[in-house]
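Please open the model in a viewer and keep the selection tool at hand. The tour below proceeds from one selection to the next.

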Amino acid sequence: MLIHPMPDPIALQLGPVAIHWYGLMYVLAFALFITLGRVRIKQPHIAAQRWRKEDLDDMLFYGMLGVIIGGRMGEVLFYEPVKYFSDPIEILKVWHGGMSFHGGFLGVLVAMALWARKSGRNLLDVYDFIAPLVPLGYAAGRLGNFINAELPGRVVTDQSLPWAMLWPNNAYPLHPNPVFLEGLRHPSPIYQLLIDGLLVFVILWLFSRKERPRLAVGAMYTLLYGCARFFTEYFRTPDWETTVLGMPITSGQVLSLPMIVGAAAMLVWAYKVKQKGRAPI
């Protein structure tokens, strides 16, 4: 049995300014985007498209806005609308945590569409370029969730599971006598860090090292993430849950299903277009 380490969510206090670990994870995510992007632009098939370091810097600015605005609004609209609309100021307090990946995903798609239009790049090429740069940033975000004691897992059925964890009620992360949620639980943010983040990154990075049909890399990321998230949701306490055809399905799975179906269709389409020799979009 493990006990959540309950670290101080504030990494550094500079007078009245508090720097939170959760915020630092976003800084890490953006740094990983730039670092991996500079490796990616050196790959022969990417270099042939004349990507530049300046493109990375420019896209990062747009991407940051997409992640923060889309992620926060996704959390507000998809998960806790009653909470946030009853106290709208809380929407601005992103350092408290609460960012929806699916909202951030949509926000980045919109941001990249705006950047592609400004730069004269093909939008599908932009999606293919950035897709392998995303999973490690996602993993950093899940580490931030773990530090904040957010997203607790479900109670384990096998109490002897070596990594089963006592999870604090995150209203009391620094209380001298912390209050724990009932039962030993799966450390679900760590599962999502490893599976939705690191595993998806490794598979996608290997896939994207070779030239692929236009849209194939972006579609592959969407498919991999959707499938990984659908699986790891089984170990996470759902924000809400419903029943479809007699089977329980969580909020995260509901939001991941369109990703899986849409990405599979796009992947098939991308390879069919290539085989038929049609001009790419």
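**First selection: Arg142**

Select Arg142, which counts as buried because its relative accessibility is 6%, under the 20% limit. Please bear in mind that this is a predicted model. Arg142 is found in helix H7, residues 135-147. The UniProt annotation "binding site", from an unreviewed entry, covers Arg142. Now display its surroundings: leaving aside neighbours within four places in sequence, Arg142 is in contact with Leu151, Pro189, Gln192, Leu193, Arg229 and Arg236.

**Second selection: Asp125**

Move next to helix H6, residues 123-130, where Asp125 lies. Is Asp125 buried or exposed? With a relative accessible area of 14%, Asp125 is buried. Not counting residues up to four places away in sequence, Asp125 touches Gln49, Trp51 and Arg214.

**Third selection: the nonpolar cores**

Trp51 leads to the largest nonpolar core, which has 49 residues. Trp51 is among the residues with the most contacts inside this core, together with Met59, Met112, Phe129, Leu204 and Tyr221. Two or more residues of the core come from each of several elements, including helix H1 (21-40), helix H3 (53-79), H6 and H7. Helix H9 (216-232) is also one of these elements, and H9 gives the largest share, nine residues.

Within this core, select Met59. Not counting residues up to four places away in sequence, Met59 touches Trp51, Met112, Trp115, Val126, Phe129 and Ile130. Finally, select Val156, Leu161, Ala164 and Leu184, which are among the five residues of another core, lying apart from the largest one.

Key:
Residues numbered from 1 in each chain as written. Predicted model: local features only at pLDDT ≥ 70, side-chain atom pairs only at ≥ 80, totals over all residues. Heavy atoms only, no water. UniProt positions renumbered as here; feature names shortened; annotations may be inferred. Helix = DSSP H or I, 4+ residues; strand = E, 2+ residues; numbered from the N terminus. Buried < 20%, exposed > 50% of the residue type's maximum accessible area, 1.4 Å probe, protein only. Contact = heavy atoms within 4.5 Å. Core = buried A, V, L, I, M, F, W, Y, C linked by side-chain atoms within 4.5 Å.
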